[in-house]
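Got the viewer open? Here's a short walk through the model, stop by stop.

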Amino acid sequence: MSTRDMVLIALFAAITAAFAVFPPVQIPVVPAPIVVQNIGVMLAGAILGARRGGLALLLFVVLVALGMPLLTGWRGGFGVILGPTGGFVLSWIPAAFVVGAMVEKLWSRLNFWNLLLCNVVGGIVVVYALGIPWLAAVAGLELGQALAGSAVFIPGDVVKAVIASLAALVVKRSYPLIGR
Amino acid sequence: MLSLYVPGHSPVHRLPAGVKLLVLAAGSAALFVVPGVAVHAGELLAILVLFHVAGLPWREVLDQLRPALILLVPIFLFHVFATDWVLGLETVLRILVLLFLAVIVTLTTRLSDMIEVLEKAMRPLRLAGINPSKVGMMLSMVIRLIPLMMREAGEILEAQRARGLDRNAIALLVPLLIKALKMADDLSDAMDARGYDPGAVTPFWRGKGTP
């Protein structure tokens with residue numbers, strides 16, 4: 001791993017953390033507030049690729065577990081990781097990896113729509129596939145119940161996938177990092 | 001400093017970070033192996049005594065726990081209606097013990113001590129070709145870069161507000177990303193120019209001597 005890779009990995013861990021300062025956004029139709037932070041997950045994968053993107057989020061999650069208050073609302077520590085929503089936080093590592101792996105495959109013919117697909121599969125499907133069983137297990141709920149409780153966040157996550165896709169496309173044009 | 005650590009000199013604070021992390025790991029695993037409302041209630045009481053010994057401010061503790069505590073109410077209510085209240089009580093108590101245990105480690109241990117433990121614990125990973133000193137360097141880099149990124153984000157928000165673009169997510173994100181990537185190039189060039197070289201670590205399956 002080159003020094004540049006090390007810096008890029010640390011950088012995207014820091015960018016994901018910096019998104020914690022954005023206050024939760026309330027939009028009219030969705031009852032639950034939207035947090036900006038998981039845009040960092042999609043961006044890390046889409047801009048850095050699978051390996052570096054996954055490592056960036058691994059670094060971020062390690063720092064959260066060690067007790068840095070880097071999650072929206074200034075939360076951190078083992079409590080968050082072991083708690084009911086810990087699966088969502090842990091899922092960010094494979095999520096960034098999956099987004100990155102898909103983007104690498106599609107790199108030469110990347111457009112808005114297939115990039116959006118990458119972000120939805122990696123940044124939403126992977127996150128819910130791990131987060132919901134975790135929530136169900138820790139809270140002793142049934143899967144359906146946990147899914148119903150989390151479904152209100154899906155529209156917001158789709159909006160974030162659109163924003164991440166648009167931003168990553170511009171970055172690809174001006175500062176391509178995958179494939180070199 | 002960006003950390004949840006609450007300084008103190010209690011026995012809980014003085015316990016080595018490695019020991020605390022081991023207790024947390026073993027304790028959280030044991031919670032799922034030994035069930036029972038009475039057991040969990042006893043554990044919760046023991047941890048609350050530890051909090052008292054550590055002299056932690058309750059406001060800080062509750063601030064950390066509030067989001068999780070709010071979630072416990074619907075979980076308990078769900079169990080009351082769907083299964084039975086004893087199971088609900090046990091689940092809620094188990095989550096509480098887990099959270100309190102985690103919060104006491106987080107609030108009484110310095111971040112630098114935990115990174116040190118992590119670097120030591122990662123020594124065996126050299127066999128897999130992972131250099132612990134590189135990981136330690138990256139952790140320190142993130143800690144330095146976070147306030148920098150927050151400041152950049154704030155400056156870009158101000159600049160785009162002046163243009164009336166502060167509600168436009170793309171106009172905020174793209175400059176932040178491009179600026180950050182440019183900075184990453186400068187930073188890695190500067191490190192290389194100063195001869196940053198933590199040394200290559202070869203995984204055992206490649207053997208000695210091969211790159």
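Before selecting anything, one working rule: two rings of Phe, Tyr or Trp (for Trp, its six-membered ring) pair if their centres lie within 6.5 Å, and planes over 60 degrees apart make the pair edge-to-face. Keep in mind, too, that this is a predicted model.

**Stop 1: aromatic rings.** By that rule, the structure holds six aromatic pairs over all chains. Start by selecting Phe112(A) and Trp113(A): their ring centres sit 4.9 Å apart with the planes at 75 degrees, so you're looking at an edge-to-face pair.

Now switch on the surface. Which of the two partners is buried, and which is exposed? Phe112(A) counts as buried because its relative accessibility is 19%, and buried means under 20%. Trp113(A) is at 65% relative accessibility, so that residue counts as exposed.

Next, hop over to chain B and pick Phe51(B), Trp58(B) and Phe100(B). Ring pairs tie these three residues into a cluster.

**Stop 2: a lysine over a ring.** Back in chain A, select Trp107(A) and Lys172(A). The lysine, Lys172(A), lies over the face of Trp107(A), at 4.8 Å from the ring centre. Turn the view until you look straight at the ring.

**Stop 3: chain B on its own.** Hide chain A and colour by secondary structure. You should find eight helices and zero strands in chain B; reading along the sequence gives α-α-α-α-α-α-α-α.

How does the chain spread out in space? The C-alpha trace of chain B spans about 60 × 60 × 40 Å along its principal axes. Its radius of gyration is 23 Å, where a compact globule of 211 residues would have one near 17 Å. Of those 211 residues, 40% count as buried.

Try showing contacts as well. Among the contacts in chain B with a separation of 6 or more, 72% come from residues 24 or more positions apart. As for the surface, chain B exposes about 11700 Å², with carbon and sulfur atoms supplying 66% of that.

**Stop 4: where the chains meet.** Bring chain A back and select the contact between the two chains. You'll pick up 54 residues from chain A and 53 residues from chain B.

The size of an interface is often given as the accessible area lost when the parts come together. Here, the area buried between chain A and chain B is about 4700 Å², and carbon and sulfur atoms give 84% of it. For a last selection, take Met6(A), Leu66(A) and Tyr175(A): within chain A, these residues lose the most area to chain B, together 14% of what that side buries.

Definitions and conventions:
Residues numbered from 1 in each chain as written. Chains lettered and ligands numbered in written order. Predicted model: local features only at pLDDT ≥ 70, side-chain atom pairs only at ≥ 80, totals over all residues. Heavy atoms only, no water. Phe/Tyr/Trp six-rings, centres within 6.5 Å; stacked < 30°, edge-to-face > 60°. Buried < 20%, exposed > 50% of the residue type's maximum accessible area, 1.4 Å probe, protein only. Lys NZ or Arg CZ within 6 Å of the ring centre and 35° of its normal. Helix = DSSP H or I, 4+ residues; strand = E, 2+ residues; numbered from the N terminus. Rg over C-alpha atoms; globule rule 2.2 N^0.38 Å. Contact = heavy atoms within 4.5 Å. Areas by Shrake-Rupley, 256 points an atom, 1.4 Å probe, with all protein chains shown as cover. Buried area = accessible area lost by both parts, 1.4 Å probe.
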